[in-house]
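This report goes through the surroundings of the ligand, one hairpin, one annotated span and the confidence of the model. The sequence and the structure come first.

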Amino acid sequence: MSAHVSDVKVFIRTRPTANFAKDLIQYLPDGQTVNIHLRKGSRKRVVNNQLCSWSFRMDRVFHDVSQEEIYASVAHSVVLGALDGYNGNIMCFGQTGAGKTYTMTGATKNYKERGIIPRALQEVFREVEKRTNHAISVYLSFLEIYNETLVDLLSSVPLEESAALGGMSIVEEAGGGVFVRGLSLHQVHSEEEALNLLFEGDMNRIIGAHTLNRNSSRSHCILSIHIESRSRTLSEAKYLTSKLSLVDLAGSERLGKTGSEGQLLKEATYINKSLSFLEQAILALADRRREHVPFRQSKLTHALKDCLGGNCNTVLMANIYGEAAQIEETVRVAMYSQKECLCIQVRKLQKEVELLKQELFIHDSLANRMGVSYDTLTDRQVAEIQRQVRRYLDGTSNEIDIINIRQIQEVFTQFRLALSPSPSPPPPKAEAFEDFKAEHGSEIARILKENKAVLRDRQRRLRELTDGINETKREIDLASSTLQLQQQRQGVSTHNPLLMEEEELTLVLRLQELKVQYRRQHEELGSSRAEVNYCQHLVDQCRIRLLMEFESWYNESFLFTEEVQAVLRAGGSIRPGLIPVEKALSLENDKQEPFEHLRRELLADEPGALPYYTAHNRVLQRVGHPTGATCALLVSPRHSTDCPLPSTQQTYSRTTIPTVLQMRNLGARGERGSQSMT
Ligand SMILES: Nc1ncnc2c1ncn2[C@@H]1O[C@H](COP(=O)(O)OP(=O)(O)OP(=O)(O)O)[C@@H](O)[C@H]1O
């Protein structure tokens, strides 16, 4: 039996655990979909019950599945493909401890639990025995890549000697293949010989890691099975060579997760870089417009160059934990594999398109329609269709040349353009704003006017109080200095407080009276300042509402297309006015300018409100949530005014605010605002 499909497949496998997070990970019965839910903020240990959900679709998802089944579903066809001359590549990736080594190598203590590599070696030699018509030679190499350093796990030469000989390097061959110069290649004649090398390499990896003080899960390992096959019966049959790479990638933890530093940080950086380069290489392979695939960016991608894409069967296995504590990493790994899955879909579709184009070409040549192009229309072709449509509409022509679907679509587009009424240019914003205040926005404009009047009244009262308190202070100072002079005149030594002269007594009593008055005025001033601040806040709110409502009205009335307006009318999460119009319509900057100017002018009398408004609007646009506007308004800080203030600064409670002002609060279209303001 032979199997060879040049393709990439993506799988997910969960490591079994007693604490499987069944409320967060759900495998759907189709055997291909896994839904993962993540509680927002769980990482920061913030109590937050909001869930983010993802649905990932793979070639297959494996949960509680035996090693035997994994091999049959994932590796069997790739191994057979290699025996037929197709390169193969099986890669396991995922976070440390998620089961990559278990999947690739398996648990060595238990035969049933052996992984893909020993099973692949077994199958290769069984096939060698079966395929008696072929002389098949098998070679093994075992490469470790640690921090971009290449290590030969089967070398008999000590590391220092190998370095003295020039070390190892990745070299490209003329036919597009790659080989690692300096990496030992071992011919094996039986399954057992091959397994010996596998275990030896594994052991060398552990010893190397131990002596060099590094963690074996921080390196990538590639066991390559090189196969050469020659027909014993057909002298002219091709001599086939292939390479099957079985890759156990390093754990893919995020940098920040374990607070890595020093060596750990360096390792994590290398791993992340090489995995990201691997991803880039796979994405580039899927993009047919890319002529260059960046294989040389890392040792890993360079070494795998001839096992990715092209004439190669590739399998990606995402190993994940099933526990809630690891759910974020799980999402990350699943997303990574999903991306690969997407590019595989793209590649498949591109192949299909290619095939269909070829069929069309044959069909056209049989139907004598050679020279017909199915590519995207050029500007000249579009202009030609436009001309023909116009001639058809004004009656000078009865025909329009159409030979393919793209042209039909373009004809319809041109008809629509020609027949739809040309949109009138929107009026200048400053002019429209006046109309808006007189009609649609009259109620808000009226309330803004009233609130401004109240604010002016309170500001006047504050000025009076400040003048009054300053006057009292002056009187106090005068009375004090007069009293002091009086006492000096009498002479301090002879002065008897019990025998106070009438003039002096009058002065003392006046001073006491003034001090009481000063304290009373001071309190009143405090309340008055609080009122002014609060009135100012309400005026700002009204002003912002007015501008927002205006912007919304202007967009809806003059800028949004009928389609957009229909969506807005239908409700949903988009609220008019919260769509940044620049984004929705890509307005040119100079058209926005007058409105910015208007906005600044409107806010000019209280400059403090401008940054407030701008920042607030930015937050709204960023959050893009309908209630965002209201919430932001309600929690916004109160503004100070430029009114004269007494020398002592105080804070005032909001309980002094008169009820009449609360009635004019516009927050949250009614109730929400008034709740929060009291
Ligand atoms: N599917 C599974 N069934 C049974 N045991 C498993 C399975 N997957 C993993 N294990 C066990 O979990 C432990 C960790 O697995 P493994 O060493 O394969 O993780 P890993 O992803 O290769 O980690 P590292 O990145 O550190 O190499 C091992 O004891 C392994 O036997």
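In this predicted model, the ligand is surrounded by 14 residues, and the closest are Gly 99, Thr 101, Tyr 102, Ser 217 and Gly 251. Helix α2, which spans residues 100-104, supplies three residues, the largest share of this shell. Sorted by class, the shell holds eight polar, four nonpolar and two charged residues.

The protein as a whole has 20 helices and 14 strands. Of its 678 residues, 30% are buried. Among contacts with a separation of 6 or more, 72% are between residues 24 or more positions apart.

Two of the strands, β7 (residues 134-146) and β8 (residues 149-152), pair in the antiparallel sense over four bridges. One pair of bridge partners is Glu 144 and Val 151, the latter in β8. The hairpin has two residues between the strands. Asn 147 lies in this loop between β7 and β8, and Glu 148 is placed in the loop as well. Each has a positive phi although it is a residue other than glycine: the value is near 45° for Asn 147 and near 65° for Glu 148.

The two loop residues are also assigned to burial classes. Asn 147 has 16 other C-beta atoms within 10 Å and therefore counts as partly exposed, since this number falls between the limits of 12 or fewer for exposed and 20 or more for buried. Glu 148 counts as exposed because it has 11 C-beta neighbours inside 10 Å, which meets the limit of 12 or fewer.

Further along the chain, the unreviewed UniProt entry annotates residues 455-489 as a "coiled-coil region". In the model, this span is 100% helix and 0% strand, and its end C-alpha atoms lie 51 Å apart.

Confidence varies along the chain. The average pLDDT of the protein is 75, and 70% of the residues score at least 70. The model scores ipTM 0.97 and pTM 0.53. Two stretches where pLDDT stays under 50 are listed below, with their contacts beyond four places in sequence.

| Stretch | pLDDT | Contacts beyond four places in sequence |
|---|---|---|
| Residues 571-592 | under 50 | 29 contacts |
| Residues 618-678 | under 50 | 92 contacts |

Notes:
Residues are numbered from 1 along each chain as its sequence is written. This is a predicted model: local features need pLDDT of at least 70, side-chain atom pairs count only at pLDDT 80 or more; totals for chains, interfaces and linings use all residues. UniProt positions are given in the numbering used here, feature names are shortened, and annotations may be inferred rather than shown by experiment. Two residues are in contact if their C-beta atoms, placed from the backbone, lie within 7 Å. A residue is near a molecule or strand if its C-beta atom, placed from the backbone, lies within 6 Å of it. Ala, Val, Leu, Ile, Met, Phe, Trp, Tyr, Cys and Pro count as nonpolar, Asp, Glu, Lys and Arg as charged, and the others, Gly among them, as polar. Two strands pair if DSSP finds at least two bridges between them. pLDDT is the predictor's confidence in each residue, from 0 to 100.
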